[in-house]
Amino acid sequence: MGFLNGLLGNASTVSVAEVKKEWGKILAQGEEISAAYKLIRDYIIFTPKRLILIDIQGITGKRIEIQSIPYRSILGFSIQTAGVMDLNAELFIWVANRADAITRTFDKNVNIYEVQAILADAIAES
């Protein structure tokens with residue numbers, strides 16, 4: 001991930017092996033990571049059963065919020081692609097029992113169509 005993209009808050013692709021090494025402890029037994037993205041210190045992790053959002057908070061990063069969203073709880077999602085003047089793409093996810101959409105911003109180098117395909121396949125299989 002480029003330093004500038006990190007400062008802008010844009011998620012970029014990250015190695016599944018790197019994410020598994022750091023966050024494997026939160027996976028269920030036998031659960032594998034399908035894809036992962038990093039946003040400065042935060043992560044967006046796709047597994048075959050759920051979407052995991054990791055929010056590392058504070059200056060020291062000792063406070064961590066981990067959201068586990070089963071795909072069956074996702075009511076819908078949309079993407080907004082990067083434009084000529086807009087350097088990033090966005091993913092919006094609507095989850096049951098939540099009024100607002102979860103929003104994540106991706107670096108223009110991330111194929112947002114690939115991200116939405118991963119999500120669409122996961123929802124269809126749930």
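Accessible areas here come from the Shrake-Rupley method with a 1.4 Å probe, and for residues only the protein chains shown count as cover. On that basis the accessible surface of the chain comes to about 7,500 Å², and carbon and sulfur atoms hold 53% of that area. The structure is a predicted model, in which local features need pLDDT of at least 70, side-chain atom pairs count only at pLDDT 80 or more, and totals for chains, interfaces and linings use all residues. Residues are numbered from 1 along each chain as its sequence is written, and side-chain values use heavy atoms, with hydrogens and water left out.

As for confidence, pLDDT is the predictor's own score for each residue, from 0 to 100. Its mean over the chain is 87, with 91% of residues at 70 or more. Among the elements, strand β6 (residues 74-80) has the highest mean, 96, and helix α1 (residues 3-8) the lowest, 40. Over residues 1-9 the pLDDT is below 50, and this stretch has 12 contacts in the model beyond near neighbours in sequence (a contact being heavy atoms within 4.5 Å). Where pLDDT is low, the predicted coordinates shouldn't be read in detail.

Turning to the fold, there are 3 helices and 8 strands, taken as DSSP runs (H or I, at least four residues, for helices; E, at least two, for strands) and numbered from the N terminus. Their order along the sequence is α-β-α-β-β-β-β-β-β-β-α. The radius of gyration is 14 Å, close to the 14 Å that the globule rule gives for 126 residues, so the chain is as compact as a globular protein of that length; the radius is taken over C-alpha atoms, and the rule is 2.2 Å times the number of residues to the power 0.38. Along the principal axes, the C-alpha atoms fill a box of roughly 40 × 35 × 30 Å. Of the contacts between residues at least 6 apart in sequence, 37% join residues at least 24 apart.

Buried residues make up 37% of the 126, where buried means under 20% relative accessible area, exposed over 50%, and partly exposed in between (1.4 Å probe, protein chains only). Two loop residues are worth a look. Thr 47, in the loop between β3 (42-46) and β4 (50-57), counts as buried because its relative accessibility is 2%. Leaving aside residues up to four places away in sequence, Thr 47 touches Leu 27, Glu 31, Glu 32, Ile 33, Ser 34, Ile 52 and Tyr 71. Asn 97, in the loop between β7 (88-95) and β8 (102-107), counts as exposed because its relative accessibility is 87%. Asn 97 also has a positive phi of about 65° although it isn't a glycine.
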